[in-house]
Amino acid sequence: MSAPLTSRVTFDHRFARDLPEMAVPWQAESAPEPRLLALDESLAEQLGLDPAFLRSPAGLALLTGTAVPEGATPVAQAYSGHQFGSFNPGLGDGRALLLGELTDTDGQLRDLHLKGSGRTPFARGGDGLAVVGPMLREYLVSEAMHALGVPTTRALAVVATGRDVRRETQLPGAVLARVASSHLRVGSFQFAAASGNRDLLTRLADHAIARHHPSIAGADRPYLALFRAVLSAQAALVARWMLVGFVHGVMNTDNMTVSSETIDYGPCAFLDRFDSSAVFSSIDHGGRYAYANQPLVAEWNLARLAETLLPLIDTDQEQAVKLAVAALEEFRPQYSAAWLAGMKAKLGLPDDVADEIASPLADDVLTLLQDNHVDYTSFFRGLGSVVRGDARPARDQVLDVAGFDAWAERWLALHPDADAMDRVNPVYIPRNHLVEEALTAATAGDLEPLERLHGVLAHPFEERPGLERYAAGAPDDFGAYTTYCGT
Ligand code: AMP
Ligand code: MG
């Protein structure tokens with residue numbers, strides 16, 4: 001039986017204890033008028049926290065970091081990172097704090113972390129604050145990702161602070177309480193490596209192994225094994241992004257976790273019409289983080305991680321490089337295998353269909369979608385109907401009907417399973433126009449559209465009557481969608 005829910009919050013401080021050089025004790029800024037905007041009650045319960053407590057004034061003080069349990073020491077975490085390819089040694093939590101770690105009902109250690117809690121020594125020119133709209137956006141999109149089965153950090157709560165934040169205009173401020181299996185980033189390893197402190201780097205790697213891959217602690221070459229484990233998990237993660245049509249938007253090395261949970265929901269967006277070159281971020285002019293580039297960027301980031309681990313992999317540098325390069329070469333085949341397995345599932349193909357048949361079938365359907373500007377999510381969902389004898393939901397979306405028919409004939413000959421397809425092809429994703437609509441209402445004080453959308457996204461595969469507008473593509477007048485970092 002699990003422990004009873006409690007208002008007594010007992011944090012561990014393993015990160016700060018193991019890695020004091022990377023943990024600056026710090027306090028949150030005050031929140032003049034805290035008001036709860038969103039709370040994931042089931043996540044609270046998983047953490048052993050009583051939702052009724054979290055709604056109370058003491059709970060809101062915890063969720064904004066303004067009153068922490070006795071003995072708890074929030075810290076700002078130091079990290080480095082390659083931002084759009086250039087190395088910045090001095091990043092870190094400029095507007096965030098790690099309150100500490102909690103043990104969840106499964107016995108797993110989870111970070112409770114705040115975003116928007118005020119300036120820290122890593123704030124550089126920033127104000128340390130966050131805005132209601134973008135924090136609720138992370139709440140919505142990260143929960144949608146979780147419901148879609150994509151590994152991700154979670155959003156426990158969003159609390160409006162009652163303080164205005166200056167962006168282009170004055171906007172209401174908020175703090176997001178985020179839960180993650182850790183906040184270790186590729187950039188954390190870059191920080192430790194750049195410090196030249198070999199002992200710190202070793203402690204960081206041991207900390208990562210203990211938290212994320214305890215079974216490799218006794219491996220022959222544990223640090224090479226750590227790298228390979230992170231690589232495999234990242235290959236699987238990015239394949240999931242591609243399969244659900246997710247564009248992360250800012251895959252800097254400080255935004256790539258060692259746990260391989262999706263992190264940093266600033267400029268992300270989902271594809272409407274399939275477009276392999278899709279970019280939404282206002283600052284990604286070169287398309288470095290475009291949809292189709294994501295596997296390549298993940299591989300590039302993993303190469304940066306490998307570089308930091310070289311001195312731990314082997315004392316002979318040449319040997320270390322050889323081992324790391326060989327490991328890195330596993331990324332492409334692992335990514336491709338994960339992606340193709342996912343595509344076979346989306347197409348409902350039986351396991352015994354050979355990759356040589358499935359692979360061109362998947363490539364050809366994506367070419368058809370790209371050439372005909374077809375809505376990615378509703379097309380794949382519509383394929384289930386095609387199997388059941390009504391081709392319209394998919395076929396009617398494609399201008400090149402002859403092209404669709406020729407492709408569908410090849411595909412149907414393989415006897416796809418419609419019910420299996422409905423379990424992996426979502427009806428509901430956080431469509432950009434719906435997210436914007438909900439955030440606009442929430443910013444103006446009406447939380448109803450947000451709560452409704454959150455409820456829809458919690459069950460993405462379950463088609464429900466009355467929710468047709470949540471399944472439909474963007475209206476024609478929605479136009480090009482632009483997203484922003486650091487909001
Ligand atoms: P991001 O683009 O969200 O990954 O942030 C990159 C870096 O900028 C991190 O070090 C953040 O902590 C920092 N940062 C972003 N926005 C702010 C802000 N408003 N105030 C202080 N630091 C910020
Ligand atoms: Mg970040």
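**Entry 1: the second largest pocket**

I began with the lining of the second largest pocket, which divides into 18 nonpolar, 10 polar and 12 charged residues. I note here that the model is a predicted one. The volume of this second largest pocket came out at about 990 Å³. I then asked which residues lie closest to its centre. Of the 40 lining residues, those are D375, S378, R431, G473 and A474.

Next I looked up the elements behind the lining. Two of them, α13 (376-387) and α19 (468-471), each give two or more residues to the second largest pocket. Which element gives the most? I found that α13 does, with 5 residues.

**Entry 2: ligand 1**

I moved on to ligand 1 and listed what surrounds it. There are 17 residues around ligand 1. Which of them come nearest? They are G92, G94, R124, G128 and D264. By class, I sorted the shell into 3 nonpolar, 7 polar and 7 charged residues.

I also checked which domains the shell draws on. Domain 1 (11-180) gives at least three residues, and domain 2 (186-338) also gives at least three.

Then I went through polar contacts one by one. R124, already on my list of nearest residues, has a polar side-chain atom 3.0 Å from an oxygen atom of ligand 1. G128 is on that list too, and here the backbone takes part: one of its polar backbone atoms is 2.8 Å from a nitrogen atom of ligand 1. For R95, I found a polar side-chain atom 3.3 Å from a nitrogen atom of the ligand. How much of ligand 1 does the protein bury? Taken alone, the ligand exposes 490 Å², and the protein buries 86% of that.

**Entry 3: the largest cavity**

I turned to enclosed space. Rolling a probe the size of a water molecule over the atoms shows where empty space is left. I counted 5 cavities of 30 Å³ or more.

The largest cavity holds about 60 Å³ of space. I wrote down its lining: Q234, L237, W241, M251, N255, M256, T257, E261, T262, I263 and N301. Which helix has the largest share? Helix α8 (residues 222-244) does, with 3 residues. I sorted the lining by class and got 5 nonpolar, 5 polar and 1 charged residues.

**Entry 4: the second largest cavity**

I looked at the second largest cavity last. Its volume is about 50 Å³. L243, V244, K346, Y376, T377, F380, N425 and P426 line this cavity. By class I have 5 nonpolar, 2 polar and 1 charged residues.

Which helices each supply at least two of these residues? I found α8 and α13. Of the elements, α13 gives the most, with 3 residues. I had met both before. In my notes, α8 has the largest share of the lining of the largest cavity, and α13 gives the most to the lining of the second largest pocket.

Terms used. Residues are numbered from 1 along each chain as its sequence is written. Chains are lettered from A and ligands numbered from 1 in the order in which they are written. This is a predicted model: local features need pLDDT of at least 70, side-chain atom pairs count only at pLDDT 80 or more; totals for chains, interfaces and linings use all residues. Side-chain values use heavy atoms; hydrogens and water are left out. A residue is near a molecule or strand if one of its heavy atoms lies within 4 Å of it. A polar contact is a pair of N or O atoms within 3.5 Å; within protein, one must be able to donate a hydrogen and the other to accept it, and residues adjacent in sequence count only if both atoms are side-chain atoms. Accessible areas come from the Shrake-Rupley method with a 1.4 Å probe; for residues, only the protein chains shown count as cover. Ala, Val, Leu, Ile, Met, Phe, Trp, Tyr, Cys and Pro count as nonpolar, Asp, Glu, Lys and Arg as charged, and the others, Gly among them, as polar. Domain bounds come from an automatic or database domain assignment. On a 1 Å grid over the protein atoms alone, a cavity is a set of points where a 1.4 Å probe fits but cannot get out, and a pocket is an open set with protein on both sides within 12 Å along at least five of seven lines; lining residues have an atom within 4 Å of a point. Grid points are joined across faces, edges and corners, and a volume is the space filled by probe spheres set on the points. Helices (H or I, at least four residues) and strands (E, at least two) are DSSP runs, numbered from the N terminus.
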